[in-house]
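Dear colleague,

Please find below the structure I agreed to pass on to you. I would be grateful if you could read the notes beneath with the coordinates open.

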Amino acid sequence: MMRATGAHRSWHGASAIFQTLNRNKYSAALDLKNPTHCAALKRFILEDADVVLQNMRPGLMAKLGLDASLRRDKPRLV
């Protein structure tokens, strides 16, 4: 919805508002059942991330090793 909001369209048809609100944000598509992808995500979180948001069912992130235990290795992680 936000992508098309606004009268002025800019880069690739996205509105200026969308571009402003999403500047410098990154996204990735991973198969978390793949141990290599899961390890890469964990490495990325520990090396580059400041904040982690997730929307998984309860217990799944702990099963993948991507729960609050990451804060042991990176205490400033939110």
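The notes below cover the fold, the surface, the largest pocket and one backbone angle.

Please bear in mind that this is a predicted model. The chain contains four helices and zero strands, and its elements follow the order α-α-α-α from the N terminus. Of the contacts between residues at least 6 apart in sequence, 44% link residues at least 24 apart.

With regard to exposure, 17% of the 78 residues in the chain are buried. The accessible surface amounts to about 6,600 Å², and carbon and sulfur atoms account for 57% of that area.

The largest pocket encloses about 720 Å³ of space. It is lined by 20 residues, of which Tyr-26, Ala-28, Leu-41, Phe-44 and Leu-53 are the closest to its centre. Helix H2, spanning residues 35-48, makes the greatest contribution to this lining, with six residues. Sorted by class, the lining of the largest pocket comprises 14 nonpolar, four polar and two charged residues.

Finally, I would draw your attention to Asn-24, which is found in the loop between helix H1 (16-21) and H2. The phi angle of Asn-24 is near 65 degrees, a positive value in a residue other than glycine. Is the residue Asn-24 buried or exposed? Its relative accessible area is 63%; because the cut-off for exposed is over 50%, Asn-24 counts as exposed.

With kind regards

Note on methods:
Residues are numbered from 1 along each chain as its sequence is written. This is a predicted model: local features need pLDDT of at least 70, side-chain atom pairs count only at pLDDT 80 or more; totals for chains, interfaces and linings use all residues. Side-chain values use heavy atoms; hydrogens and water are left out. Helices (H or I, at least four residues) and strands (E, at least two) are DSSP runs, numbered from the N terminus. Buried means under 20% relative accessible area, exposed over 50%, partly exposed in between (1.4 Å probe, protein chains only). Contact means heavy atoms within 4.5 Å. Accessible areas come from the Shrake-Rupley method with a 1.4 Å probe; for residues, only the protein chains shown count as cover. On a 1 Å grid over the protein atoms alone, a cavity is a set of points where a 1.4 Å probe fits but cannot get out, and a pocket is an open set with protein on both sides within 12 Å along at least five of seven lines; lining residues have an atom within 4 Å of a point. Grid points are joined across faces, edges and corners, and a volume is the space filled by probe spheres set on the points. Ala, Val, Leu, Ile, Met, Phe, Trp, Tyr, Cys and Pro count as nonpolar, Asp, Glu, Lys and Arg as charged, and the others, Gly among them, as polar.
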